[in-house]
Amino acid sequence: MPSTALGERFLQDGYLVLPGFKGADEIASLRQRAAEIVDAFDPSGSVSVFTTKEQARTADRYFLGSADKIRCFFEEEAFARDGSLKQDKALSINKIGHALHDLDPLFDRFSRGNALQALACSIGLEQAVLWQSMYIFKQPGIGGEVGWHQDATFFDTQPRTVTTFWFALEEANLGNGCLWVQPGGHHSPLRERFVRTGDTVAMEKLDATAWPDANSAIPLEVAAGTLVVFHGLLPHYSAPNRSARSRHAYTLHATDARAHYAASNWLQRDGSLALRGFV
Ligand code: FE2
């Protein structure tokens, strides 16, 4: 059970904003490493032109196969009609996922440590295991909207324990598509579940509760280095980035090892890459 003032606040609001959690040097190294990964990424395999159906299957395979790998994913608006990139590759990537924290030593260090362990314990996540990491670019001009959702949609456990650790690597504000959250919204039901059957995935509707609107949601404008932690049921959203500035962020998704992790979750580990916690 949460044991501190932070824990109480997390229970009440469904999220915490912790400025200055990461220092400038650590952030600079992470950004540099992400740039190197993108630089080494050969997109030729993933931008080939297929029939629509075949392209969807290829995209699914690429996505599902990324659970224990480091793969780059393009922004939807990155391509011109003829399939070519509209701008430099480095400005076309939406995110890198999903096992950076286990495969890359620098990301491993950034993702773990006593401070994160203590924080996780203080919000009731005493036996955290880290399933997923994502480096999110939110590119200038074409950074896509991420519609209202709850992260428990993608990480179903009983009891529900998935918790998101969202690190601002640059200032995030209304101009470049910062996070929006609904304070207290983690008390609302899970609306959708993302279910994997073999090599296909589909969104399943669970509950018709409306998503928040401008009356109940607030933007989280934060400085680089801020850590935002939020509950798996907290509705959140981010607008497209139409500004000239990127909005890099890094996220981790953790569950408690004591909870049952659904076999229908898209992200599964086959044992070749062990699940680890914050220490
Ligand atoms: Fe999310």
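# Reasoning through a predicted model

Mentor: In this predicted model, the largest nonpolar core holds 36 residues, and Ile96, Tyr135, Phe165, Phe167, Val229, Tyr250 and Phe278 are the members that touch the most others. Helix H2, residues 24-40, gives this core its largest share, 5 residues, and there is also a second, separate core of 15 residues, which includes Leu64, Phe155, Leu233 and Trp266.

Trainee: What makes a set of residues a nonpolar core?

Mentor: The members have to be buried residues of nonpolar kinds such as Ile, Phe and Val, and they have to be joined through side-chain atoms within 4.5 Å. In soluble globular proteins, nonpolar side chains tend to be buried together.

Trainee: How do you know whether the chain is as compact as a globular protein of its length?

Mentor: Let us begin with its elements, which are 6 helices and 15 strands. The radius of gyration is 18 Å, and because the globule rule gives 19 Å for 279 residues, a value close to it, the chain is as compact as a globular protein of that length. Along its principal axes the C-alpha trace spans about 55 × 40 × 40 Å, and buried residues make up 49% of the chain. Among contacts with a separation of 6 or more, 85% are between residues 24 or more positions apart.

Trainee: Why are His149, Asp151 and His236 called donors of the iron ion?

Mentor: A donor is an N, O or S atom within 2.8 Å of the metal, and the atoms here, NE2 of His149, OD of Asp151 and NE2 of His236, lie 2.1 to 2.2 Å from the iron ion, so they meet that limit. In sequence these donor residues are spaced H-x1-D-x84-H.

Trainee: Why are histidine 149 and aspartate 151 called buried?

Mentor: The cut-off for buried is under 20% relative accessible area. Histidine 149 has 14%, so it counts as buried, and aspartate 151 has 6%, so it counts as buried as well.

Trainee: What makes the pairing of serine 188 with arginine 191 a polar contact?

Mentor: The limit is 3.5 Å between N or O atoms that can donate and accept a hydrogen, and the side chains of serine 188 and arginine 191 are joined at 2.5 Å, so the distance falls within it. The side chain of serine 188 also reaches the backbone oxygen of glycine 185 at 2.6 Å. This serine 188 sits in the loop between strand E8 (179-181) and strand E9 (192-197), and, neighbours within four places in sequence aside, it is in contact with Gln150, Leu233 and Pro235.

Trainee: How do you know whether serine 133 is buried or exposed?

Mentor: Serine 133 has a relative accessible area of 0%, which is under 20%, so it is buried. It belongs to strand E4, residues 128-136, and a polar atom of its side chain lies 2.9 Å from the backbone nitrogen of leucine 100. Among the residues that serine 133 touches are Gly97 and His98, and a cis peptide bond, with omega about 0°, joins glycine 97 and histidine 98.

Trainee: What is notable about phi of lysine 138?

Mentor: Phi of lysine 138 is near 40°, a positive value in a residue other than glycine. Lysine 138 is found in the loop between E4 and strand E5 (146-149), and its relative accessibility is 3%, so by the 20% cut-off it counts as buried.

Methods:
Residues are numbered from 1 along each chain as its sequence is written. This is a predicted model: local features need pLDDT of at least 70, side-chain atom pairs count only at pLDDT 80 or more; totals for chains, interfaces and linings use all residues. Side-chain values use heavy atoms; hydrogens and water are left out. Donors are N, O and S atoms within 2.8 Å of the metal (3.2 Å for Na, K and Ca); water is not among the atoms, so sites may look incomplete. Buried means under 20% relative accessible area, exposed over 50%, partly exposed in between (1.4 Å probe, protein chains only). Helices (H or I, at least four residues) and strands (E, at least two) are DSSP runs, numbered from the N terminus. Contact means heavy atoms within 4.5 Å. The radius of gyration is taken over C-alpha atoms; the globule rule is 2.2 Å times the number of residues to the power 0.38.
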